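Here is the note on the model that you asked me to look through, set out as numbered points. Please read it with the coordinates open beside it.

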Amino acid sequence: VPPLLRLPPSVRHRIYLYLGVARWDRFPLVFDLDGSLDPSKQIAFHGLLLSCRSLYIEASALMFSANRFVIHYSHKRSLQPLRNFTPSSLASLASLKIVLNQASCHDRREQESSGKCCEGTGWMGRFGPRCCRDYATHHDGPLGGSHSGAGLVLDEWHRTAEYLAPRMRSRTLELSLVCDLDEREAGLATKVVAPLSLFPELRECHIRLCRSPNAKIAQVAQHSAQQACHRLEPHSPPALSSSSPRLLQLPRELRHQILEYTDLVTPRREIMWTRLERGYHYPPGGCSGDGFAFCPPSRHHGCQFSGCHHQKCINYDVYSSYHDSVGCFCRLRHAAFSSTCRCWAPPTPLFLVCRTLAEDARFVFFSLNRFVAWRRALGAPPPTPPRPSAYPAQRFAASQFLRDIVPANCLRHLRSLEFVFPPYNGQCWPQDGHPALLDWADTLSWAKTRLAVPILTLRLTMAGSRQWPPQPPDERQELSQEQGDQVLAGYRRILSPLACLREHGLAHFYADFVSPWKWRNWMDNAPPEEQNPEAGWQWVLSSQDAMNEEAERFVLGDRYGQFNERTNERRETQWSWS
């Protein structure tokens with residue numbers, strides 16, 4: 001009997017941990033079945049597995065039950081390493097990720113446990129999408145039915161599933177399957193997921209079938225994943241009834257209270273709309289976004305509803321390296337399904353049940369959320385630089401939101417609005433007579449009688465006033481006095497039309513304008529005796545406070561002191577922590 005086997009099991013277990021069979025903190029190690037990308041990283045316990053049968057069974061049971069195993073078909077055009085596993089190893093296998101074809105996110109060169117999504121961007125959006133920036137040559141193309149290798153991939157996957165399935169234990173395996181198809185290949189998606197029916201009940205199942213969102217393919221992924229985990233309820237046809245739904249028999253007030261517990265109201269009661277992306281979006285949270293800031297505890301609950309591709313991180317430190325993520329299976333970014341994705345999406349079905357329920361849903365949706373409208377999403381890559389002397393659009397995003405996005409009969413439901421304008425340089429702000437300014441004034445004149453102005457809270461934000469500086473070509477490090485005055489003039493041109501809301505009794509108005517000189521490198525060129533960062537920063541903050549108060553007094557008039565107490569709490573918005 002080897003001396004190691006004479007030790008108590010608990011002591012042997014500690015030895016296995018010291019050898020690297022598993023981690024002490026119980027986070028899974030990631031083993032690439034195609035071989036390590038770093039030749040210097042070798043398995044230190046390989047000799048232990050070859051020493052004797054008893055030690056192999058004990059150590060391999062720990063290794064396969066505590067770690068994640070990943071294989072990419074495209075590397076060797078084969079899944080043979082999976083078929084090399086022994087029955088005892090497969091019985092202990094707890095986490096397996098099979099990448100048949102990947103068009104983003106799941107490249108071998110990307111740390112498999114990072115959880116990052118290629119569709120994301122760099123910090124504060126100053127870089128383009130990650131796959132375009134760093135990994136464009138490391139991804140496969142979408143797999144189509146006419147692709148020469150599609151049949152080989154499916155045959156290899158089916159052969160491997162036939163070997164694995166009978167040797168797996170029920171409710172033990174967490175299986176992740178990635179096969180990015182052409183978005184027109186909904187029929188091929190059913191062939192990809194068909195081998196899953198051979199497996200016993202899975203503990204968890206994550207499926208991704210297309211890089212871009214596709215409702216039909218995503219439905220195939222969802223049905224297959226839920227069926228693999230035995231979470232599908234038996235289908236029973238609804239009972240026929242000539243009477244109206246029971247929900248509609250309740251008083252309107254009760255129906256509204258019930259709908260408040262649906263996704264019509266976001267966890268942070270804030271929704272973003274951007275002109276470039278279209279549609280409504282949930283603002284990314286501080287600790288689940290791509291930034292490095294911790295979110296306040298009062299907001300932390302909402303972080304679980306965005307950025308699911310690295311959700312495991314928010315339970316620990318921001319710098320925990322995302323050890324426990326299976327990668328990106330986000331239903332908003334891809335045609336995928338995963339129980340880990342809880343990302344908020346507009347509950348469209350609630351608006352399609354019937355006319356009465358649609359009216360109730362619109363009331364709850366527009367009255368209980370704050371709506372933030374601006375040109376592009378937070379963290380999105382900056383658009384093509386506009387010409388130095390021209391505003392880049394004929395309309396403001398705020399005008400488009402009021403006129404074209406919110407139904408005219410729903411404007412009266414709005415209770416909280418925020419309009420965000422990009423931090424353009426002085427030359428890019430629209431001048432007097434510009435079509436965007438004329439349309440802005442006309443839109444406000446049209447909307448003032450349709451909005452419930454006496455109960456409306458309006459915020460006007462000139463972006464750049466928080467933690468991110470303006471990006472090229474709008475940087476302000478060398479801003480002159482004349483250019484700064486042009487920025488302030490741009491603020492006033494946008495602010496002036498809002499005076500029409502004063503006569504209708506606007507409830508609250510808050511301005512968040514950045515000082516044009518906030519990001520100027522005035523300290524670099526100042527004499528040594530004047531280089532006092534604290535004094536300069538205090539001057540910027542005081543000038544911003546004075547500018548914001550002046551703007552609020554202009555819009556509210558004599559009602560400012562009664563309705564617009566300036567507190568720090570009322571000036572904070574959720575998206576500003578993103």
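1. Strand β4 and strand β5 (residues 204-210) run parallel and are joined by five bridges, and one of the residue pairs that can be picked out across them is Glu-174, which stands opposite Glu-204 in β5. Please keep in mind throughout that this is a predicted model. The connection between these two strands includes helix α9 (residues 186-193), and β4, α9 and β5 together make a β-α-β unit of the right-handed kind.

2. On its other pairing, β4 is joined to strand β3 (residues 95-101) by six bridges, and these two strands again run parallel; within that pairing, Ile-98 has Leu-177 of β4 as its bridge partner. Strand β3 in turn pairs in the parallel sense with strand β2 (residues 68-72) over four bridges, where Val-70 has Lys-97 of β3 as its bridge partner.

3. How many of the residues of strand β4 (residues 174-179) are buried? Six of the six are, so the strand is largely enclosed by the rest of the structure. In a regular strand the side chains alternate between the two faces of the sheet. For β4 both faces are covered, since Glu-174, Ser-176 and Val-178 are buried on one side, and Leu-175, Leu-177 and Cys-179 are buried on the other. A colleague looking at the charges may wish to note that Glu-174 is among the buried residues and is also the residue that stands opposite Glu-204 in β5.

4. The strands discussed so far belong to an open sheet of six strands, in the order β1-β2-β3-β4-β5-β8, with mixed pairing. Its edge strands are β1 (30-32) and β8 (335-337), each of which pairs on one side only, and the twist from one strand to the next averages 10°.

5. A further open sheet, also of six strands and with mixed pairing, has the order β7-β6-β9-β10-β11-β12. Here β7 (280-281) and β12 (508-512) stand at the edges with a single partner strand each, so that one side of each is left without a neighbour in the sheet. Within this sheet, strand β9 (residues 370-374) and strand β10 (residues 416-421) run parallel and are joined by four bridges, with Phe-371 standing opposite Leu-417 in β10.

6. Is Val-372, a residue of strand β9, buried or exposed? Its relative accessibility is 1%, and Val-372 therefore counts as buried, the cut-off being under 20%. The C-alpha atoms of Val-372 and Ser-416 are separated by 8.8 Å, although the two residues are 44 positions apart along the chain. A comparable description can be given for Val-487, which has its place in helix α16 (residues 481-495) and counts as buried at 0% relative accessibility; the C-alpha atoms of Val-487 and Tyr-424, 63 residues apart along the chain, are separated by 7.8 Å.

7. Turning to helix packing, helix α11 (residues 252-259) and helix α13 (residues 355-367) pack at an angle of about 60°, and their axes are 10 Å apart. The two helices are therefore oblique to each other, and the crossing that they make is right-handed.

8. Two backbone values deserve a look when the torsion angles are reviewed. Arg-77 has a phi near 55°, which is positive in a residue other than glycine; this arginine lies in the loop between α4 (73-76) and α5 (80-83) and counts as exposed at 57% relative accessibility. Arg-171, likewise not a glycine, has a positive phi of about 60°, is found in the loop between α8 (150-164) and β4, and is exposed with a relative accessible area of 58%.

9. Finally, the cysteines: how many disulfides does the model contain? The count comes to zero, by the rule that a disulfide is a pair of cysteine sulfur atoms within 2.5 Å. Among the cysteines, Cys-210 counts as buried at 3% relative accessibility, Cys-330 is buried with a relative accessible area of 2%, and Cys-179 is one of the buried residues of β4.

Key: Residues are numbered from 1 along each chain as its sequence is written. This is a predicted model: local features need pLDDT of at least 70, side-chain atom pairs count only at pLDDT 80 or more; totals for chains, interfaces and linings use all residues. Side-chain values use heavy atoms; hydrogens and water are left out. Two strands pair if DSSP finds at least two bridges between them. Buried means under 20% relative accessible area, exposed over 50%, partly exposed in between (1.4 Å probe, protein chains only). A crossover is right-handed if, with the strands pointing away from the viewer, the path from the first strand over the helix to the second runs clockwise. Axes are lines fitted to C-alpha atoms, for helices over the stretch in contact, and angles run from 0 to 180 degrees between N-to-C directions. Angles under 35 degrees count as roughly parallel, over 145 as roughly antiparallel, 65 to 115 as roughly perpendicular and the rest as oblique. A crossing is left-handed if the near helix is turned anticlockwise from the far one by less than a right angle, and right-handed if clockwise.
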